[in-house]
Amino acid sequence: MAENNYYVTTPIYYVNDVPHIGHAYTTLACDVIARYKRARGYNVAFLTGTDEHGQKVETAAKANGETPLELADRVVKRFQALWDKLNISNTDFIRTTQERHKHTVQEQFKKLEAQGDIYLGEYEDWYCTPCETFWTETQMVDGNCPDCGRAPTKLKEESYFFRMSQYQDQLLEYIEENPDFIQPKSRRNEILSFVREGLRDLSISRTSFSWGIPVPGNDKHVIYVWFDALTNYISALGYPEDKDGQFKTFWPATHVIGKDILRFHAVYWPTFLLAAGLPLPDKVFAHGWWTVEGQKMSKSLRNVVEPNMLIDKYGIDAIRYFLLREVPFGLDGDFSHSSLIHRINSDLANDLGNLVSRSTAMLGKYFSGQLPEPGENEEAEQKMIALVEKQLETVDKHLTDLSFNKALMAIWELISAGNKYIDETAPWALAKDPDQRKRLATVMYTLLESIRIIALLVAPFMPETGKNILRILGCDSTNLSLNEQDQWGGLQAGTAIEKAAPLFPRIENE
Ligand code: MSP
């Protein structure tokens, strides 16, 4: 990957479930980082998609009286519609049923088989159908699947195996030498101890169902869903032929995933890549899980939070903000309506909304909405400008670490400083004194210029709000580049600035 290119991926979502807030969370996080990197001048590839093969999909389709592809087509539309609605800026959408994907998976299989990394053997172990995972006796908890707690069944079948054991030492060395490869740290330690315990060869084909990519040369077998699914990250780039040079340009990726699928991404996937002689991912970041009002989200509890309903009620940007602000990325969090409403009222309506509406209203009142030429900066302005510069760096650092909530806190420090600056400089008092006209001009300029940079900083999180504020400020709302516009002094004196309508109406039934 050349220096100025950035590749970020979401997991590909199973089509046997409809999108919920957990899926939206992963995708949103990737969208924020993709937008931020673009604002920082990167050429960004942002991939999401759907995982459509496997027994679960086959079974769900049968139960609905449709073919697996009909089911997939139907559910894929729901995912795509939600991503449109949430303003997701993905540059590609991959479906594992697409020819381009099947081709890459089969090529990969053939390559590894030809070099002796895949062999035919027999498998006998405990298989958890809902999780599509085999478990050994020692991995199970009280005889049940350690992930979902359900009872696995004993399965014996002919299977192709990948020599994962061969790559254990190389993987271990890589993880040890690259402390930022797996994040957060606690998760990295889990993976390290898992790998140190020893990697077994991995069964990568199934004969017990047929909805999958056939093993090249033996179509009694379909390729195991994880070998199939993980390959999406390179099939979308046109690997191995790389006709458009996408693979060469963008690989390796930053993978953002939930903690439940870390082992697949931090152990299986890297060993497949090592076998293929490909560079390992830049970063695998496992975020935590959302519970809802204190409970695990599940269909049977009927508490699955449906993002469409939330967006219709509270607005896209409020939901985008809440999900990334409420919980440190990497930790579990709880979704509750009261905390959502509280954040909207206090952070969005009060802090940000008031800063913009107070400032633009005062400009309207004191300068008929025309931005004046500032005079000499005093200590208060110097402090404000220094803080803007500092927070630009702080946000950059936190976003590089995918610490979304810390980045937002840093932006909100700036917003609070803006509100405090108003209270301290008291423009209404300056306005009463004709001798303070220049001072008042400096204060108004400083405020509105701070808001311009705040708008650019919030834009990756809340694109519509960022654009809206820029439009109010008379700026080009299609240019969200921070690289081009993060220098103090971008607003031109004489610009007409309208009085802003409330950005976020308060929600009364808190
Ligand atoms: N298809 C696999 C991924 C293959 S990637 C090569 C899969 N799909 S999934 O649809 O079940 O899950 C997709 C993502 O949604 C995972 O990252 C998972 O962690 C996330 N979430 C599902 N429920 C969630 C919550 N309740 N909270 C947060 N994220 C959750 O796994």
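Two aromatic rings, from Phe, Tyr or Trp (taken by its six-membered ring), are said to pair if their centres lie within 6.5 Å. With that in mind, this predicted model offers a good place to begin: ring pairs join Y7, Y233, Y239, F247, F250, W251 and W269 into a cluster. Across the whole structure, a search finds 28 aromatic pairs. One of them is formed by F162 and Y167, whose rings are stacked, with 6.0 Å from centre to centre and 5° between the planes. Both partners can be placed with respect to the surface. F162 counts as buried because its relative accessibility is 0%, and Y167 counts as buried at 10%.

Rings also take part in another kind of arrangement, this time with lysines. The charged end of K56 sits over the ring of Y14, 4.4 Å from the ring centre. In a similar setting, K37 lies over the face of Y42, and here 4.6 Å separates it from the ring centre.

Cysteines come next. A disulfide is a covalent bond between the sulfur atoms of two cysteines. The search of the whole structure finds zero disulfides. Why does C128 form no such bond with C148? The cysteine sulfur closest to that of C128 is the one in C148, and at 3.7 Å it is too far away for a bond, because a disulfide calls for sulfur atoms within 2.5 Å. C128 is itself buried, with a relative accessible area of 1%. C30 is buried too, as its relative accessibility is 0%.

The ligand has 23 residues around it, and I12, D51, G258, D260 and W290 come nearest. Three of these residues can be followed down to single atoms. A polar backbone atom of I12 is 2.8 Å from a nitrogen atom of the ligand. For G258, a backbone N or O atom lies 2.8 Å from an oxygen atom of the ligand. For W290, a backbone N or O atom lies 2.9 Å from a ligand nitrogen atom. On its own the ligand has 660 Å² of accessible area, and the protein covers 94% of this. Two or more residues of the surrounding shell come from each of the elements β1 (5–14), α1 (21–39), α7 (225–230), α8 (232–235) and β12 (254–258). The largest share, four residues, is given by β1.

A smaller detail is found in strand β7 (residues 182–183), which holds Q183. A polar atom of the Q183 side chain lies 3.1 Å from the backbone oxygen of D180. Q183 counts as buried, since its relative accessible area is 13%.

The backbone has a few unusual spots to look for. Most residues other than glycine have a negative phi, and most peptide bonds are trans. Against that background, the peptide bond between Y239 and P240 is cis, with omega about 5°, and P240 has its place in the loop between α8 and α9 (246–250). A cis peptide bond also runs from W251 to P252, again with omega near 5°; P252 is in the loop between α9 and β12. Where does D242 lie? D242 is found in the loop between α8 and α9. Its phi is positive, near 55°, although D242 is not a glycine, and D242 counts as buried at 17% relative accessibility. N87, also not a glycine, has a positive phi of about 65° and lies in the loop between α3 (68–85) and β3 (92–95).

Methods. Residues numbered from 1 in each chain as written. Predicted model: local features only at pLDDT ≥ 70, side-chain atom pairs only at ≥ 80, totals over all residues. Heavy atoms only, no water. Phe/Tyr/Trp six-rings, centres within 6.5 Å; stacked < 30°, edge-to-face > 60°. Buried < 20%, exposed > 50% of the residue type's maximum accessible area, 1.4 Å probe, protein only. Lys NZ or Arg CZ within 6 Å of the ring centre and 35° of its normal. Near = heavy atom within 4 Å. Polar contact = N/O pair within 3.5 Å; in protein donor to acceptor, adjacent residues only side chain to side chain. Areas by Shrake-Rupley, 256 points an atom, 1.4 Å probe, with all protein chains shown as cover.
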